[in-house]
Amino acid sequence: MSEGITLEELQLAARNHGMPLEALRHEITPLGLHYLLVHYDIPVVDPAAWRLTIGGLVDRPLELSLDDLRAREPVSLPVTMECAGNGRAHLEPRPISQPWLAEAIGTAEWTGVPLAPLLADAGLATDALEVVFTGLDRGVEGGVEQLYERSLSIADAEGDGVLLAYACNGEPLPPQHGFPLRLVVPGWYGMTSVKWLERITVVAEPFEGYQMITGYRMREHEDDVGTPVTRIEPRSLMVPPGIPDFLTRRRFLPQGPVTVEGRAWSGWGPIEHVEVSTDGGASWHAARLGDPPGAAAWAPWWFDWNAPEGEHELCVRARDATGRGQPEEPPWNIGGYSNNAVQRVPVTVTA
Ligand SMILES: Nc1nc2c(c(=O)[nH]1)N[C@H]1C(S)=C(S)[C@@H](COP(=O)(O)O)O[C@H]1N2
Ligand SMILES: [Mo]
């Protein structure tokens, strides 16, 4: 990794935390270990006064309290979420933003109400094109003062599993994860799942907010219009085996049999294949793959290794049912998005 992490990047990294990779042992990430990403400040919301409005190009605008939402039939869904900037700090040159390595991930069981029936209750106008989701958090980004806002096409907003979630792992949402209500869009990078949701607006034109047009686009240079960041590219991560050195976090383990374990996911389709290398990617071996806890959640895998004394580099890569895989070298883009290059874990095996 290049030198020179700035104090500004460190300031972001100290607020927004990743999931320690040993927590990959949990199928559902315990609350507090799930990664966290907050662009601006965490709002404090009075749940009694809070309302969700659904308006714009609808026949019957709705205003819903938390109790109104809880009165509807709830759905619970395990969803693996990943920040689009995961892997950013491995890119050269390093795009300046939250300097994620590989741990901007987590799988929570989200409970809430499906969005499609709510949109049906409101009644979409015939010229409805997109649905805009507006959070309560305000900030300045790229010189533009804004509320955090993202949009989805009508088809994506009505998609399977798209939830307005008021609970996470059976608890009310914690403040940092969007209390009292957040959008959860399975399979899409995390920026789509707007937290502290306050307003849903149906519009007839493509929404051109900052987080759609400037942020979250794959762009090669500042004048490049680029393409939108959408679904999660395949990734597999291992629990780093053995024990860590405190400062460098280099791994040490005794020689002999060890089962390397981890999880793999993709927002494009089921994981079909996970491969492990113990020689830095020179040769690859199939791992055993287990069932994910749900269609939008990671699948467990295991690889039995008879670790010989010496220095080794463990690597893992996944491929999904659409044929998407993981590159050895990350392709660069100015926002530092979607770097799903293979994980590399150097280990020292002792006699
Ligand atoms: N209102 C609002 N929603 C937001 C964000 C935000 O800053 N404000 N961050 C987004 C980003 S970039 C990610 S990766 C996910 C992170 O969700 P988590 O912190 O619950 O893991 O929330 C998304 N939703
Ligand atoms: Mo993110």
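These legends walk through several close-up views of a predicted model.

Residues are numbered from 1 along each chain as its sequence is written, while chains are lettered from A and ligands numbered from 1 in the order in which they are written. Since we're looking at a prediction, local features need pLDDT of at least 70, side-chain atom pairs count only at pLDDT 80 or more, and totals for chains, interfaces and linings use all residues; side-chain values use heavy atoms, with hydrogens and water left out.

**View 1. Confidence along the protein chain.** The mean pLDDT (the predictor's confidence in each residue, from 0 to 100) is 97 for the protein chain, and 99% of its residues reach 70 or more. Among the elements (helices are DSSP runs of H or I with at least four residues, strands are runs of E with at least two, numbered from the N terminus), H1 has the lowest mean pLDDT at 97, and strand S9 (residues 182-184) has the highest at 99. As a reading rule, predicted coordinates should not be read in detail where pLDDT is low.

**View 2. Tyr-35 against Trp-100, one of three aromatic pairs.** Rings of Phe, Tyr and Trp (its six-membered ring) pair if their centres lie within 6.5 Å; planes under 30 degrees apart count as stacked, over 60 as edge-to-face and the rest as tilted. Here the ring centres of Tyr-35 and Trp-100 are 6.0 Å apart with the planes at 85°, so the pair is edge-to-face. Tyr-35 belongs to the loop between helix H1 (7-15) and strand S1 (52-56), and Trp-100 to the loop between strand S3 (75-82) and strand S4 (105-114), so the pair ties together parts that are 65 residues apart in sequence. Tyr-35 is buried (under 20% relative accessible area; over 50% is exposed, in between is partly exposed, with a 1.4 Å probe and protein chains only) at 6% relative accessibility. Trp-100 is buried too, at 2%.

**View 3. Two arginines over tryptophan rings.** A charge sits over a ring if NZ of Lys or CZ of Arg is within 6 Å of the ring centre and within 35 degrees of the ring normal. Arg-317 lies over the face of Trp-284, 3.9 Å from the ring centre. Arg-324 has its charged end over the ring of Trp-268, at 3.7 Å from the centre.

**View 4. The open sheet S13-S16-S20-S19.** Two strands pair if DSSP finds at least two bridges between them. This sheet has four strands in the order S13-S16-S20-S19, with antiparallel pairing. Strand S13 (235-238) and strand S19 (288-289) stand at the edges with a single partner strand each, so one side of each is left without a neighbour in the sheet. S13 runs antiparallel to strand S16 (residues 256-265) and is joined to S16 by four bridges. In that pairing, look for Ser-236 opposite Ala-264 in S16.

**View 5. Strand S1 and two of its partners.** A hairpin of five residues joins S1 to S2. Three bridges hold S1 and strand S2 (residues 62-64) in an antiparallel arrangement, with Ile-54 having Leu-62 as its bridge partner in S2. S1 also pairs with strand S10 (residues 197-203), this time in the parallel sense and over four bridges. Thr-53 stands opposite Arg-199 in S10.

**View 6. The buried side of helix H3.** In H3 (residues 115-122), Leu-115, Leu-118, Leu-119 and Ala-122 are buried. They span an arc of only 100° around the axis (taken from the directions from the helix axis to the C-beta atoms), which puts them on the same side of H3. Gly-123 follows H3, and its phi is positive, near 80°.

**View 7. Glu-82 and Arg-235, from one of 12 salt bridges.** A salt bridge is a side-chain nitrogen of Lys or Arg within 4 Å of a carboxyl oxygen of Asp or Glu. In the one between Glu-82 and Arg-235, the closest N and O atoms are 2.6 Å apart. Glu-82 is in strand S3 and Arg-235 in strand S13, so to speak distant parts of the chain, 153 residues apart. Glu-82 is buried at 1% relative accessible area, and Arg-235 is buried at 4%.

**View 8. Salt bridges with partners less hidden from the surface.** Arg-138 and Glu-145 meet in a salt bridge at 3.2 Å, N to O; Arg-138 is partly exposed at 48% relative accessibility, and Glu-145 is exposed at 54%. Glu-328 and Arg-344 form a salt bridge as well, with the closest N and O atoms 3.2 Å apart. Glu-328 lies in the loop between strand S21 (310-320) and strand S22 (343-350) and Arg-344 in strand S22, so the pair ties together parts that are 16 residues apart in sequence. Salt bridges that share partners join Glu-275, Glu-313, Arg-317, Glu-328 and Arg-344 into one network.
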